Amino acid sequence: MLEMRFLRDFIDKIKPNFVKGGKLHWLHSTFDAFETLLFVPNKVTLKGSHIRDSIDSKRNMGIVLLALIPALLFGMWNVGVQHFLSHGVEATFWQEFFYGFWRVLPIVIVVYATGFIIEFVAAQLRGHEVHEGILVTGLLIPLLCPPTVPLWMVAVATAFAVIIGKEVFGGTGMNVWNPALIARAFLFFAYPGQMSGDGVWIRDKGDALTGATPLAEIQAGSLDIMSAQHMFVGLMPGSIGETSAIAILLGAAILLFTGVASFRIMFSVILGGLAMGGLLNLIGGENVWFQVPAYYHLLMGGFLFGAVFMATDPVTASQTGTGKWFYGFLIGVIAVLIRVFNPAYPEGMMLAILLMNTFAPLIDHYVINANKKRRLKRAQIVAEQT
């Protein structure tokens, strides 16, 4: 408590230098970013009726970061597990974890460094506050990448996502598409060889596992893949944060308990995936994907990670209650359809979310219009009765 009081006093002492008229006023946006990161802003509304809450955007972002920690820690361990497995070397838990830690940490550092530099420059040029969206985007991007992705590619993709995916629309809160998925899409289409997920950790090891992900195995025409229980735990090749359903569900529990993410979207994405997977099972077909049990779709690739952390993005998702059900359900349906019918791209979740990001405002438009018509009709009936 004493340390926080000292820090508060120190910030208050130097603050006049950064306000208008101060000798460092041109760094006001940068100073404000650090101050609001450390302390809840003391700004209050002066007129009108407003909803007052102690939670601001940065605190919401902090909760999302906390929810991502289980997937990050498991991903680090899994990177080490797959590495030592590929070399046929016995290793302890800590050896596996720290190998993965030192493999993943540079990716996280590069993403945050690139993102924050662009955010601070944009804030200074525009003279507005530093947007806090990079706090979450900066961790989501590494979790969406394989651990072998070159650092320069990560830096380029992050710059593309922040500038083209967010800043050109006006910054956080104005973007049409999820910036982290924009980075993932950029990497996938610009450098597909590094992002396919096939042989992510294990390459040219004749005495080890093939290293292909379950999605890649099925795409190759084989149903001889690991069990659902194995995939639920997540000790398999794949992107850093997407393999473990357990870790992802822990994050989902945090988001739902705190009310940060929408239960409607999470549940409807899963429901849509199961419904389409089950329908394809009933239809049958020569394509091996028709034989994949519907619930397997939830455990493979980035389906569950996308449902929990990407589809629920409050900026790019539908805003109306009813719209969230349609939005999420269609994401699940489209993701499975892309997996089954697109031989060049067995993942599907990324494109499904980006597509529905585009149509989210249209969904809300029709939901709102339907509500207006229903209320007008109800009012007309009441007027006629009276």
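Trainee: α12 passes α15 in a right-handed crossing, but why is that crossing called right-handed?

Mentor: The near helix is turned clockwise from the far one by less than a right angle (anticlockwise would be left-handed). Bear in mind that this is a predicted model, where local features need pLDDT of at least 70 and side-chain atom pairs count only at pLDDT 80 or more, while totals for chains, interfaces and linings use all residues. Residues are numbered from 1 along each chain as its sequence is written, and side-chain values use heavy atoms, without hydrogens and water.

Trainee: And what makes α12 oblique to α15?

Mentor: Helix α12 (residues 263-283) and helix α15 (residues 321-341) pack at about 40°, with axes 7 Å apart. Roughly parallel means under 35 degrees, roughly perpendicular 65 to 115, roughly antiparallel over 145, and the rest is oblique, so α12 is oblique to α15. Their contact has 16 nonpolar, seven polar and two charged residues.

Trainee: Why, then, is α11 called roughly parallel to α14?

Mentor: α11 and α14 pack at about 15°, with their axes 10 Å apart, and that angle makes the pair roughly parallel. Their crossing is left-handed.

Trainee: How do you know which residues of α11 and α14 make the contact?

Mentor: Contact means heavy atoms within 4.5 Å. Ala245, Ile248, Leu249, Gly251, Ala252 and Leu255 of α11 meet Leu304, Phe305, Val308 and Phe309 of α14. Nine are nonpolar, one is polar and none is charged; the polar one is Gly251, because Gly counts as polar.

Trainee: What makes a space a cavity?

Mentor: On a 1 Å grid over the protein atoms alone, a 1.4 Å probe fits there but cannot get out. The structure holds two cavities of 30 Å³ or more, and the largest has about 50 Å³ of space.

Trainee: How do you know which residues line the largest cavity?

Mentor: Lining residues have an atom within 4 Å of a grid point. Among them are Met231, Glu242, Ala245, Ile248 and Leu304. α11 (245-258), α13 (296-299) and α14 (303-310) each supply at least two. By class, the lining has eight nonpolar, three polar and one charged residues.

How values were computed:
On a 1 Å grid over the protein atoms alone, a cavity is a set of points where a 1.4 Å probe fits but cannot get out, and a pocket is an open set with protein on both sides within 12 Å along at least five of seven lines; lining residues have an atom within 4 Å of a point. Grid points are joined across faces, edges and corners, and a volume is the space filled by probe spheres set on the points. Helices (H or I, at least four residues) and strands (E, at least two) are DSSP runs, numbered from the N terminus. Axes are lines fitted to C-alpha atoms, for helices over the stretch in contact, and angles run from 0 to 180 degrees between N-to-C directions.
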